[in-house]
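Biologist: Could you walk me through this protein one question at a time? I'd like to see how each answer is worked out.

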Amino acid sequence: MTTDAAIAAEDRNVEFQRTGRIFGWFFIGTFVFSIPAVLLYSNVLKANYVLGSGGDHRVALGAFLELLTGICNIATAIVIFPIAKRWNEKVALGYVASRVVESTIIVVGAISLLSIVTLRHAFVTTHGAVPS
């Protein structure tokens, strides 16, 4: 026979396992989205990108993947917060805040790379003319 306490403990374990799986999928998502994004940025990191040709779609796709990385970063913090809060609420809140700051920096970096693409388009439309 099982008691109510044993049933409650089992339900709590099932909830922890479900939360852990969701956390794991989001954590894997951060790697799945970030690694290809860095590989797609290889053109922008070259010194002659603005003067060169092509690669704009790769940079846009990389920026999109970086946005997904930021979403997965924040999601990992939000999903694990209720469990971490039971251990220490200040540490759990600090983890959420650090992941939000990290995601903000990632998104700002993606926007910066997209601004380089915009600069390249502006340079191409003026046919490389230098303003006097």
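What follows is a chat about the fold, the core, the charged pairs and a few single residues.

Biologist: Let's start simple: how many helices and how many strands does the protein have?

Modeller: Keep in mind that this is a predicted model. Going from the N terminus, the elements run α-α-α. So the count is three helices and zero strands.

Biologist: Is the protein a compact globule or more spread out?

Modeller: For 132 residues, the globule rule gives 14 Å, and the radius of gyration here is 22 Å, well over that. The C-alpha atoms fill a box of roughly 85 × 25 × 20 Å along the principal axes. Set against a compact globule, then, the protein is more spread out.

Biologist: What share of the 132 residues is buried?

Modeller: A residue counts as buried when its relative accessible area is under 20%. The protein exposes about 9000 Å², with carbon and sulfur atoms supplying 72% of it. As for the buried residues, they make up 24%.

Biologist: Which element gives the largest share of the largest nonpolar core?

Modeller: That core has eight residues: Tyr41, Val44, Tyr49, Val59, Ala63, Ala110, Leu113 and Val117. Two elements give two or more residues to it, α2 (56–87) and α3 (89–125). The largest share is three residues, and it comes from α3.

Biologist: Which residues does Tyr41 touch, leaving out those up to four places away in sequence?

Modeller: Tyr41 is one of the residues of that core. In soluble globular proteins, nonpolar side chains tend to be buried together. The residues that Tyr41 touches are Val59, Gly62, Ala63, Glu66, Ala110 and Leu113.

Biologist: Now the charged side chains. Which salt bridge ties together parts that are 64 residues apart in sequence?

Modeller: Side chains of opposite charge can pair when their charged atoms come close. A search of the whole structure finds three salt bridges, and one of them has its N and O atoms 3.2 Å apart, with Arg120 on one side and Asp56 on the other. Arg120 lies in helix α3 and Asp56 in helix α2, so this is the pair that links those distant stretches of sequence. The answer is Arg120 and Asp56.

Biologist: Are Arg120 and Asp56 buried or exposed?

Modeller: The cut-off for buried is under 20% relative accessible area. Arg120 comes in at 7%, and Asp56 at 12%. Since both values fall under the cut-off, Arg120 is buried and Asp56 is also buried.

Biologist: About how many helical turns separate Arg18 and Glu15?

Modeller: These two form a salt bridge, with their closest N and O atoms 3.2 Å apart. Arg18 is partly exposed at 45%, and Glu15 is partly exposed at 37%. They sit three residues apart in helix α1, so the separation is about one helical turn.

Biologist: In the salt bridge between Glu102 and Arg99, which residue is buried?

Modeller: The two side chains meet at 3.2 Å, N to O, and the residues are three apart in helix α3. Glu102 has 33% relative accessibility, so it counts as partly exposed. At 10%, the buried one is Arg99.

Biologist: Which residues is Asn73 in contact with, apart from neighbours within four places in sequence?

Modeller: Asn73 is in helix α2. Its relative accessibility is 3%, so Asn73 counts as buried. Its contacts are Thr30, Arg99, Glu102, Ser103 and Ile106.

Biologist: And Phe81, how far is it from Gly94 in space, C-alpha to C-alpha?

Modeller: Phe81 lies in helix α2 and is partly exposed, at 21%. Not counting residues up to four places away, Phe81 touches Ala92, Leu93 and Val96. Phe81 and Gly94 are 13 residues apart in sequence, and in space their distance is 9.9 Å.

Biologist: Last one: which residues make the nonpolar surface patch of about 400 Å²?

Modeller: One member is Leu39, found in helix α1 (residues 4–40). With a relative accessible area of 57%, Leu39 is exposed. The full set is Phe27, Phe31, Ile35 and Leu39.

Terms used
Residues are numbered from 1 along each chain as its sequence is written. This is a predicted model: local features need pLDDT of at least 70, side-chain atom pairs count only at pLDDT 80 or more; totals for chains, interfaces and linings use all residues. Side-chain values use heavy atoms; hydrogens and water are left out. Patches are made of residues with over 30% relative accessible area and no salt bridge: like charges are joined within 9 Å, nonpolar side chains (Val, Leu, Ile, Met, Phe, Trp, Tyr) within 5 Å. Accessible areas come from the Shrake-Rupley method with a 1.4 Å probe; for residues, only the protein chains shown count as cover. A salt bridge is a side-chain nitrogen of Lys or Arg within 4 Å of a carboxyl oxygen of Asp or Glu. Helices (H or I, at least four residues) and strands (E, at least two) are DSSP runs, numbered from the N terminus. Buried means under 20% relative accessible area, exposed over 50%, partly exposed in between (1.4 Å probe, protein chains only). A nonpolar core is a set of buried Ala, Val, Leu, Ile, Met, Phe, Trp, Tyr and Cys residues joined through side-chain atoms within 4.5 Å. Contact means heavy atoms within 4.5 Å. The radius of gyration is taken over C-alpha atoms; the globule rule is 2.2 Å times the number of residues to the power 0.38.
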